[in-house]
Amino acid sequence: MGEITLEEMSAEYFDVLKELGNIGAGNATTALAQMMQCKVDMSVPQVKLLEFKELGELMGGEEVIMAGIYLGIEGDITGSIMFLLEKQAAKHLVGKLMGMESENAEFSEMEFSALKEVGNIITGAYLNSLSGLTNLVIYPSVPDLCVDMAGAILSVPAIQFGALGDKILLIQTQFFDEMVLDGYFILIPDLDSYGRILSALGLG
């Protein structure tokens with residue numbers, strides 16, 4: 001299989017990604033509800049093909065402070081994935097999890113580790129969905145968490161993603177409990193892995 005760019009992705013592949021978005025977000029919602037021991041709903045995920053520079057704008061501007069959970073993937077496919085959540089939403093999630101909302105603007109060490117756990121569970125839900133759809137074996141690395149401006153967080157995958165062109169696949173999901181949480185999930189497979197995913201889906 002020759003090199004493929006995202007612009008050449010087939011409509012079928014895009015439909016599969018939407019399906020991945022639906023299943024992944026559904027699994028993530030269930031996992032979140034179990035963790036937080038309360039009802040969590042979600043909106044239908046939006047799957048978008050965007051230029052990297054549009055990504056920051058979509059999240060409310062590159063200066064918006066976000067919590068970004070970033071991890072590598074290994075196994076039958078390699079690459080990285082990222083889950084981003086606006087800082088206030090992340091604080092709310094962690095507060096619910098720990099049974100107390102912190103007044104402090106910054107994350108304590110305990111909140112930080114709880115947030116990492118949330119990120120781990122959410123990204124795991126998406127990876128399990130991808131694995132289930134493709135029957136590929138996928139191992140996540142230990143997650144890396146960073147709280148910074150959206151532009152700074154996104155510069156990490158932007159460098160890696162350069163080889164694939166300047167378009168990126170984004171799954172955007174809104175989770176609801178007492179407040180709306182906007183979650184952004186970015187899957188960045190290495191170039192060879194796109195071929196493997198397509199073949200596994202019978203589209204390659």
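What follows is a friendly conversation about how some features of this predicted model earn their labels.

Colleague: Let's begin with the rings. Why is the pair of Tyr 126 and Phe 185 called stacked?

Modeller: Ring centres must lie within 6.5 Å to pair, and planes under 30 degrees apart count as stacked. The centres of Tyr 126 and Phe 185 are 3.8 Å apart and their planes meet at 15 degrees, so the pair is stacked. The count by this rule is 1 aromatic pair.

Colleague: What makes you say that the pair ties together separate parts of the chain?

Modeller: Tyr 126 belongs to helix H4 (residues 109–134) and Phe 185 to strand S8 (residues 180–189), so the contact links parts 59 residues apart in sequence.

Colleague: How do you know whether Tyr 126 is buried or exposed? And which is Phe 185?

Modeller: Buried means under 20% relative accessible area. Tyr 126 has 1%, so Tyr 126 is buried. Phe 185 has 2%, so Phe 185 is buried too.

Colleague: On to the charges. What makes Glu 106 and Lys 87 a salt bridge?

Modeller: The nitrogen has to be within 4 Å of a carboxyl oxygen. For Glu 106 and Lys 87 the closest N and O atoms are 3.5 Å apart, so the pair qualifies. Glu 106 lies in the loop between helix H3 (87–98) and H4, while Lys 87 is in H3, so the bridge ties together parts 19 residues apart in sequence. As for accessibility, Lys 87 has a relative area of 14%, so Lys 87 counts as buried.

Colleague: How many salt bridges are there by this rule?

Modeller: There are 2 salt bridges. One of them joins the side chains of Lys 91 and Glu 111, with N to O at 3.3 Å. Lys 91 is in helix H3 and Glu 111 in helix H4, so this pair connects parts 20 residues apart in sequence. Both Lys 91 and Glu 111 are buried.

Colleague: Why is the charged end of Lys 91 said to sit over the ring of Phe 107?

Modeller: The distance cut-off is 6 Å from the ring centre, alongside a limit of 35 degrees from the ring normal. The charged end of Lys 91 sits over the ring of Phe 107, 5.0 Å from its centre.

Colleague: Now for the empty space. How many cavities of 30 Å³ or more does the structure hold?

Modeller: The structure holds 2 such cavities, and the largest has about 70 Å³ of space. That largest cavity is lined by 12 residues, and those closest to its centre are Leu 17, Leu 20, Leu 169, Ile 171 and Leu 187.

Colleague: Which elements supply at least two residues each to that lining?

Modeller: Helix H1 (11–36), strand S7 (167–176) and S8 each do. S8 gives the most to the lining of the largest cavity, with 4 residues.

Colleague: And how does that lining divide into nonpolar, polar and charged?

Modeller: The lining of the largest cavity has 12 nonpolar residues, no polar ones and no charged ones.

Colleague: Let's finish with two loops. Why is Asn 135 called exposed?

Modeller: Exposed means over 50%. Asn 135 reaches 67% relative accessibility, so Asn 135 counts as exposed. Asn 135 sits in the loop between H4 and strand S5 (138–140). Its phi is near 60 degrees, a positive value in a residue other than glycine.

Colleague: And what about Val 142, buried or exposed?

Modeller: Val 142 has a relative accessible area of 71%, so Val 142 is exposed. Val 142 lies in the loop between S5 and strand S6 (144–149). Its C-alpha is 7.7 Å from that of Gly 72, although Val 142 and Gly 72 are 70 residues apart in sequence.

Definitions and conventions:
Residues are numbered from 1 along each chain as its sequence is written. This is a predicted model: local features need pLDDT of at least 70, side-chain atom pairs count only at pLDDT 80 or more; totals for chains, interfaces and linings use all residues. Side-chain values use heavy atoms; hydrogens and water are left out. Rings of Phe, Tyr and Trp (its six-membered ring) pair if their centres lie within 6.5 Å; planes under 30 degrees apart count as stacked, over 60 as edge-to-face and the rest as tilted. Buried means under 20% relative accessible area, exposed over 50%, partly exposed in between (1.4 Å probe, protein chains only). On a 1 Å grid over the protein atoms alone, a cavity is a set of points where a 1.4 Å probe fits but cannot get out, and a pocket is an open set with protein on both sides within 12 Å along at least five of seven lines; lining residues have an atom within 4 Å of a point. Grid points are joined across faces, edges and corners, and a volume is the space filled by probe spheres set on the points. Ala, Val, Leu, Ile, Met, Phe, Trp, Tyr, Cys and Pro count as nonpolar, Asp, Glu, Lys and Arg as charged, and the others, Gly among them, as polar.
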